[in-house]
Amino acid sequence: MSQLFTAVYDISSAIEGHPNLRLNLVVDGCNDTVVGNAQLDGERGIAVRGHHVQIDGEQPMQAILLAGTTPVFVTEGQPSAFQLLMVLPTAWKAGQVCYKMSFGQRQARVLEIRDGVAHAVLPALMH
């Protein structure tokens with residue numbers, strides 16, 4: 001029996017421009033794989049895949065590791081690469097995120113976020 005569930009996260013940052021990343025994910029609880037889409041500022045998106053992991057320690061944490069799946073043809077404003085590590089938010093605490101997204105291929109522009117704050121979004125509240 002499959003244990004699929006969806007997860008939607010909004011990730012904000014305090015850096016100049018205040019980029020907002022939305023992750024629309026499907027998680028397979030049987031094998032901890034994750035697939036979905038990462039969309040920056042509601043317009044530029046890239047398909048992603050990765051894994052759900054547990055980080056052991058004094059206070060174990062749940063995390064997601066994602067990488068973008070590069071499209072065959074990339075225009076200069078389109079995402080060409082993506083990497084993300086997110087400690088998942090809990091009911092008591094926002095999630096912590098760092099990610100890197102590249103745009104274009106020849107002279108790629110890179111957006112690197114190290115101070116991301118993640119919040120889960122209820123699918124009914126998405127706009």
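**A salt bridge first, then the strands around it**

Asp10 and Arg22 form a salt bridge, with their closest N and O atoms 2.8 Å apart. Asp10 sits in strand S1 and Arg22 in strand S2, so the pair ties together parts that are twelve residues apart in sequence. Arg22 is buried, because its relative accessible area is 13% and the cut-off for buried is under 20%. Keep in mind that this is a predicted model.

The count of salt bridges comes to two. The other pairs Arg114 with Glu112, at 3.1 Å from N to O. Here the surroundings can be read from accessibility. Arg114 has a relative accessible area of 67%, so it is exposed. Glu112 has 39% and is therefore partly exposed.

Now return to S2 and follow the chain. Strand S2 covers residues 20-28. Its partner S3 covers residues 33-40, and the two run antiparallel, joined by eight bridges. One point to look for is Val27, whose bridge partner in S3 is Val34. S2 and S3 form a hairpin, with four residues between the strands.

The next pairing follows on. S3 pairs with strand S4, residues 44-55, again in the antiparallel sense and over eight bridges. Gly36 stands opposite Val48 in S4. S3 and S4 also form a hairpin, this one with three residues between the strands.

Look at the backbone in these turns. Most residues other than glycine have a negative phi. Asp32 is not a glycine, yet its phi is positive, about 60 degrees. Asp32 lies in the loop between S2 and S3. Its relative accessible area is 32%, so Asp32 is partly exposed. In the turn between S3 and S4, Asp41 has a positive phi of about 50 degrees. His18 is a further case: it is not a glycine, and its phi is positive at about 45 degrees. His18 belongs to the loop between S1 and S2. At 55% relative accessibility, His18 is exposed, because the cut-off for exposed is over 50%.

What fills the interior? The largest nonpolar core has 25 residues. Those with the most contacts inside this core are Leu21, Leu23, Phe82, Leu84, Met86 and Tyr99. Eight strands each give two or more residues to the core: S1 (4-12), S2, S3, S4, S5 (61-68), S6 (79-87), S7 (95-103) and S8 (109-120).

Leu23 shows how such contacts reach along the chain. Neighbours within four places in sequence are set aside here. Leu23 is then in contact with Ala7, Val8, Tyr9 and Ile11, among others. Its contacts also include Asn37 and Ala38. Leu66, Leu84 and Met86 are on the list too.

Met86 leads on to strand S7, where Gln96 is found. Not counting residues up to four places away in sequence, Gln96 touches Leu85, Met86, Val87 and Gly116. Gln96 and Ser13 make a useful pair to locate. They are 83 residues apart in sequence, but their C-alpha atoms are 10 Å apart in space.

Back to S1 for Phe5. Phe5 is placed in this strand. Its relative accessible area is 45%, so Phe5 is partly exposed. Phe5 touches Leu25, Val26 and Val27, with residues up to four places away in sequence left out. Phe5 and Val27 are 22 residues apart in sequence, and their C-alpha atoms are 5.4 Å apart.

Val26 takes the tour out to the surface. Val26 is found in S2. At 32% relative accessibility, it counts as partly exposed. Which residues join Val26 in a nonpolar surface patch? They are Leu4 and Val35, and the patch measures about 230 Å².

To retrace the route, start at the Asp10 to Arg22 salt bridge. Go through the antiparallel pairing of S2 with S3, then of S3 with S4. Pass the 25-residue core, and finish at the patch made by Leu4, Val26 and Val35.

Key
Residues are numbered from 1 along each chain as its sequence is written. This is a predicted model: local features need pLDDT of at least 70, side-chain atom pairs count only at pLDDT 80 or more; totals for chains, interfaces and linings use all residues. Side-chain values use heavy atoms; hydrogens and water are left out. Patches are made of residues with over 30% relative accessible area and no salt bridge: like charges are joined within 9 Å, nonpolar side chains (Val, Leu, Ile, Met, Phe, Trp, Tyr) within 5 Å. Accessible areas come from the Shrake-Rupley method with a 1.4 Å probe; for residues, only the protein chains shown count as cover. A salt bridge is a side-chain nitrogen of Lys or Arg within 4 Å of a carboxyl oxygen of Asp or Glu. Buried means under 20% relative accessible area, exposed over 50%, partly exposed in between (1.4 Å probe, protein chains only). Two strands pair if DSSP finds at least two bridges between them. A nonpolar core is a set of buried Ala, Val, Leu, Ile, Met, Phe, Trp, Tyr and Cys residues joined through side-chain atoms within 4.5 Å. Contact means heavy atoms within 4.5 Å.
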